[in-house]
Amino acid sequence: MVLSTSACVALAAACANPKDATTATSDATGKPAAVTVERDPALYAMVPEAYKKDGRIRVATNAPFAPFEMFSADGQKKLTGLEIDLGHALGQRLGVPFEFSQQPFDGLLPGLQAKKYDVLMAALFDTAAREKSIDFVNYGRSGSVLLVRKGNPGDVRTLDDLCGKQAAAQSGAQQISLLDQQTNKCIADGRKEVTVRTYPQFSDALLALKTNKADLIAGDLGALRYAVKRDTSVEAVEDPAAPNGYDPQSIGIGLPKGQPKFREAIRRALADLIENGSYRKILDTYGVGNIAVDKPTVNQAGS
């Protein structure tokens, strides 16, 4: 489920301080993912003039969705997380700072198309449906996993155990399709369907699970395993048949259609971060090195 900001831009409601736009942020524990990247003049030349004139690249995100994007502390609006740090590093390389803002998840794609912001970084899976409206530069691969209450009281071991269960997922997330497919299978097998309940934020789904309003959450591998490290009242289901999660897919940065030069600039900047080690350092800071790729790809829906 991956894995993003308008004069500030996109998914939530707060804007990062422009003066901090090229400074590495810190994770939820306050430990900085300190990377310093030099500007590449050739990549700077590929950035649209409107962005350079504005002095920022507006990036939309949707927090909290740890470890990809989070708030630095309860009650604070400053954003932190894997994609926030990665975005700032890309901004350094391009020579134009990434400025993040918080937006509703289901408003991300329409907002990008309406030019309310310039880039999406919100743990987005690269899907064929999304590629119809936006382009992707993919930086990782992640599958879906299931999260249950500690002790697994519902005895959920595989997807087949979801029949008759109450499943929670974030609105607009890729996992809804996974749950719908499983519902169809349950019905075909003569069993009760999966009841799917969607929530605007992952934190809302987590609350539903912890208050017995849901039996499980279907979510992104990185996000749910991070949640387990932070909250001992929940645990991830370890299905031996899906060690990297169900239906692993590319996760990436969303960009407007019709800007191939800018898309290539992002791809090349990301390739540079992979080569110089900054990319891996950021992923490892947030404990999700398992989603790493050897090189960035463009529009790889389903792969």
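**Exercise 1. Helix H10 in the predicted model**

Task: Which residues of helix H10 (residues 278-285) are buried, and how are they arranged around the axis?

Solution.
- Step 1. Pick out the buried positions of H10: Ser278, Tyr279, Ile282 and Leu283.
- Step 2. Look down the axis of H10. The buried residues fall within an arc of 135°, so they line one face of the helix.
- Step 3. Find what covers them. The cover includes helix H3 (82-94), strand S6 (134-149), H9 and strand S12 (292-298).
- Step 4. Check what follows the helix. Just after H10, Gly287 has a positive phi of about 70°.

**Exercise 2. Packing of H3 and H9**

Task: At what angle do H3 and H9 pack, and how far apart are their axes?

Solution.
- Step 1. Choose the descriptors. A pair of packed helices is described by the angle between the axes and the distance between them.
- Step 2. Read them off. For H3 and H9 the angle is about 105° and the axes lie 9 Å apart.
- Step 3. Classify. The range 65 to 115 degrees counts as roughly perpendicular, so H3 is roughly perpendicular to H9.
- Step 4. List the partners. H3 brings Leu86, Ala89, Leu90, Arg93 and Leu94. H9 brings Phe262, Ala265, Ile266, Ala269, Leu270, Asp272 and Leu273.
- Step 5. Sort by class. The H3 contact with H9 holds 10 nonpolar residues, two charged ones and no polar ones.

**Exercise 3. The cores**

Task: How many residues has the largest nonpolar core, and which helix gives the most to it?

Solution.
- Step 1. Size the core: it has 62 residues.
- Step 2. Name the residues with the most contacts inside it: Ile57, Phe68, Leu86, Leu94, Phe98, Tyr139 and Tyr279.
- Step 3. Find the main helical contributor. Helix H9 (residues 260-276) gives the most, with seven residues.
- Step 4. Look for another core. A second, separate one has 18 residues, including Val156, Leu159, Ile176 and Val194.

**Exercise 4. Ile57 and Leu94**

Task: Is Ile57 buried or exposed, and what is Ile57 in contact with beyond four places in sequence?

Solution.
- Step 1. Place Ile57: strand S1 (residues 57-61).
- Step 2. Apply the cut-off. Buried means under 20% relative accessible area. Ile57 has 0%, so Ile57 is buried.
- Step 3. List contacts beyond four places in sequence. For Ile57 they are Val47, Tyr51, Leu94, Val96, Pro97, Phe98, Glu99, Asp118, Val119 and Phe262.
- Step 4. Take one partner, Glu99. Its C-alpha atom is 5.9 Å from that of Ile57, across 42 residues of chain.
- Step 5. Turn to Leu94. With the same sequence neighbours left out, its contacts include Ile57, Arg39, Leu43, Tyr44, Val47 and Phe262.

Technical notes:
Residues are numbered from 1 along each chain as its sequence is written. This is a predicted model: local features need pLDDT of at least 70, side-chain atom pairs count only at pLDDT 80 or more; totals for chains, interfaces and linings use all residues. Side-chain values use heavy atoms; hydrogens and water are left out. A nonpolar core is a set of buried Ala, Val, Leu, Ile, Met, Phe, Trp, Tyr and Cys residues joined through side-chain atoms within 4.5 Å. Buried means under 20% relative accessible area, exposed over 50%, partly exposed in between (1.4 Å probe, protein chains only). Helices (H or I, at least four residues) and strands (E, at least two) are DSSP runs, numbered from the N terminus. Contact means heavy atoms within 4.5 Å. The arc is that of the directions from the helix axis to the C-beta atoms. Axes are lines fitted to C-alpha atoms, for helices over the stretch in contact, and angles run from 0 to 180 degrees between N-to-C directions. Angles under 35 degrees count as roughly parallel, over 145 as roughly antiparallel, 65 to 115 as roughly perpendicular and the rest as oblique. Ala, Val, Leu, Ile, Met, Phe, Trp, Tyr, Cys and Pro count as nonpolar, Asp, Glu, Lys and Arg as charged, and the others, Gly among them, as polar.
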